[in-house]
Amino acid sequence: MKKIVIIGGSDAGISAALRIHELAPGTQIRVLLADAYPNFSICGLPFFLSGETPDWRSLAHRTRQDIDGLGIGLLENHRVIAIDPARKHVVAVPSASNADQTPVQEKYDAVIIATGATSRIPNISGLELPNVFLLRWMEDGFRLKNHLDTAKPRSAVIIGSGYIGLEMADALTRRGIQVTLAGHAPRVLKTVDPEFGEAVAETLRTNGVTVVTGVGIQKISQGRDGMRVTGTPEFHVEADMVLVAVGAVPASELAVSAGAQVDQHGAVCINQRMETGVPHVFAAGDCVQTWHRLLQKPVYLPLGTTAHKQGRIAGENSLGGSREFTGSLGTQVVKVFDTAIARTGLGAHEAELAGYAPRTTETITWDHKQYYPGAHPLRIRIVGDNKTGRLLGAQIIGHYTGEVAKRIDILATAIYHSMQVDQLNDLDLSYTPPLSSPWDPVQIAAQAWTSYWHT
């Protein structure tokens, strides 16, 4: 009987295990994870902390019983410290909280590394202080939740203005906490165009969040009335707690020790079959590179959706398959209070650097027929190649009920299939006045781009 060992029990690891079980139910599958929370939605932590999802157990994609029922063996609270490709086994030790530190050895026919990423630790003094928090894993969420419930902070500083920072600004505000969001970038959410980033910042301000951009935080200290956060230029604020959310770095040390290579980001170098180059060693998820479909090169782009896909491919190929990951477009969406903002493909600057001749148009239209109650405006930006008319990217911002996520998915699908902007008008999209228009907003935006292109 073939045995596959999977290191990591989050998105990529469990997806790999499920695919192996689907294709070869008799395979012995062993999943080793460092904590006790297999297949939990880490992306759901802000909503658990806000109180919108009160029971943390509901964040599990599958229960432990579900996974056990499939015959997938879980070894929780064990950290893998070595992979021996020559002898084809891994060595794990119990978590530090376990008094018994007896090593465990697991033989394998193939091993899949799905160790994910860790919180980026910025060069800021005072990160070790009691009321300073990170947010990456379930234990981080429990620690922060306990503090919110027991200390009942009235104010918070969030360092970092990316997706987690924005969602946590929303979450803490919903709990009645006064939030200051401080970021090093010149605007919030630097993955979208400046005008869209400013629109998100305005949403934050409208909901009572103090937004400070372009600051370099240098120090966190114990102040007279709480935690004192200081930085340049001239940034000083005191709050009851601090959350540091400045991104993630790949957890690739184990792969390196097994002989795998890493790129400039520290991400494990793989091919599109999730192979590391070390015999019988695969890798997937936030610890690895991601093939970008438009750029036609590997990038570091850790996303849950990508991790699920890569894990599935790694699982199939660990059985001897040859499936390839066809690439990511960086499709993302985030909800901040009542606003949703999404992007896919390339922005104009990214497209230009990649050798395209980008042209961008912005269209403002309604998410459904205006005569039906509850219509909200959508701002849609289309990036197309001015030479070929090919769709390269898009961004949408609007009310979260306006199907922003699904509409960016239409555009992502079109980019995936190398469609021209004008071809969006040929799509047979659904219509009823409460939900859309005879021409869907993405088609109206496409018509604006093609009209400009042909003038």
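1. Let's start with Tyr431. In this predicted model, Tyr431 sits in the loop that links α10 (404–416) and α11 (441–454). Is Tyr431 buried, partly exposed or exposed? Its relative accessibility is 39%, so Tyr431 counts as partly exposed. Buried would need a value under 20%, and exposed a value over 50%.

2. Tyr431 also has company. Together with Tyr371 and Tyr372, Tyr431 makes up a nonpolar patch on the surface. The three tyrosines share about 360 Å² of accessible area.

3. On to β24, a strand that covers residues 377–385. How many residues of β24 are buried? The count is 7 of 9, so the strand is mostly covered.

4. β24 has partners that are worth tracing one at a time. With strand β23 (residues 358–366), β24 pairs in the antiparallel sense, and 9 bridges hold that pairing. If you want a spot to look at, find Thr363, whose bridge partner in β24 is Ile380.

5. β24 also pairs with strand β25 (residues 391–399), again in the antiparallel sense, this time over 7 bridges. Here a handy marker is Val383, whose bridge partner in β25 is Gly393. β24 and β25 form a hairpin with 5 residues between the strands, and Gly389 takes a positive phi near 80 degrees there.

6. There is another hairpin to check, made by β13 and β14, with 4 residues between them. Which residue in that turn has a positive phi? Look at Gly226, with a phi of about 150 degrees. The two strands, β13 (residues 216–222) and β14 (residues 227–232), run antiparallel and are joined by 6 bridges. One residue pair to pick out is Gln222 with Met227, the latter being its bridge partner in β14.

7. Now for a parallel arrangement. An open sheet is built from 5 strands in the order β9-β16-β10-β11-β12, with parallel pairing. Which strands are at the edges? They are β9 (132–133) and β12 (210–212), each of which pairs on one side only. As a reminder, strands of a sheet pair through backbone hydrogen bonds, either parallel or antiparallel.

8. Inside that order, take β10 and β16. Strand β10 (residues 155–159) and strand β16 (residues 241–244) run parallel, with 4 bridges joining them. Ala156 is a good place to zoom in, since Met241 in β16 stands opposite Ala156.

9. Next, a helix. Ala255 belongs to helix α7 (residues 253–257). Its relative accessible area is 1%, so Ala255 is buried. What does Ala255 touch, leaving out residues up to four places away in sequence? The contacts are Ile113, Ala260 and Val268. For a sense of distance, take Leu295: 40 residues separate Ala255 and Leu295 along the chain, and their C-alpha atoms are 26 Å apart.

10. Last, Ser15, which you will find in helix α1 (residues 11–23). Ser15 counts as buried because its relative accessibility is 13%. The side chain of Ser15 makes a polar contact, at 2.9 Å, with the side chain of His308. Setting aside residues up to four places away in sequence, Ser15 touches His308, Gly311 and Arg312. So His308 turns up both as a polar contact of Ser15 and among the residues that Ser15 touches.

Notes:
Residues are numbered from 1 along each chain as its sequence is written. This is a predicted model: local features need pLDDT of at least 70, side-chain atom pairs count only at pLDDT 80 or more; totals for chains, interfaces and linings use all residues. Side-chain values use heavy atoms; hydrogens and water are left out. Buried means under 20% relative accessible area, exposed over 50%, partly exposed in between (1.4 Å probe, protein chains only). A polar contact is a pair of N or O atoms within 3.5 Å; within protein, one must be able to donate a hydrogen and the other to accept it, and residues adjacent in sequence count only if both atoms are side-chain atoms. Contact means heavy atoms within 4.5 Å. Two strands pair if DSSP finds at least two bridges between them. Patches are made of residues with over 30% relative accessible area and no salt bridge: like charges are joined within 9 Å, nonpolar side chains (Val, Leu, Ile, Met, Phe, Trp, Tyr) within 5 Å. Accessible areas come from the Shrake-Rupley method with a 1.4 Å probe; for residues, only the protein chains shown count as cover. A salt bridge is a side-chain nitrogen of Lys or Arg within 4 Å of a carboxyl oxygen of Asp or Glu.
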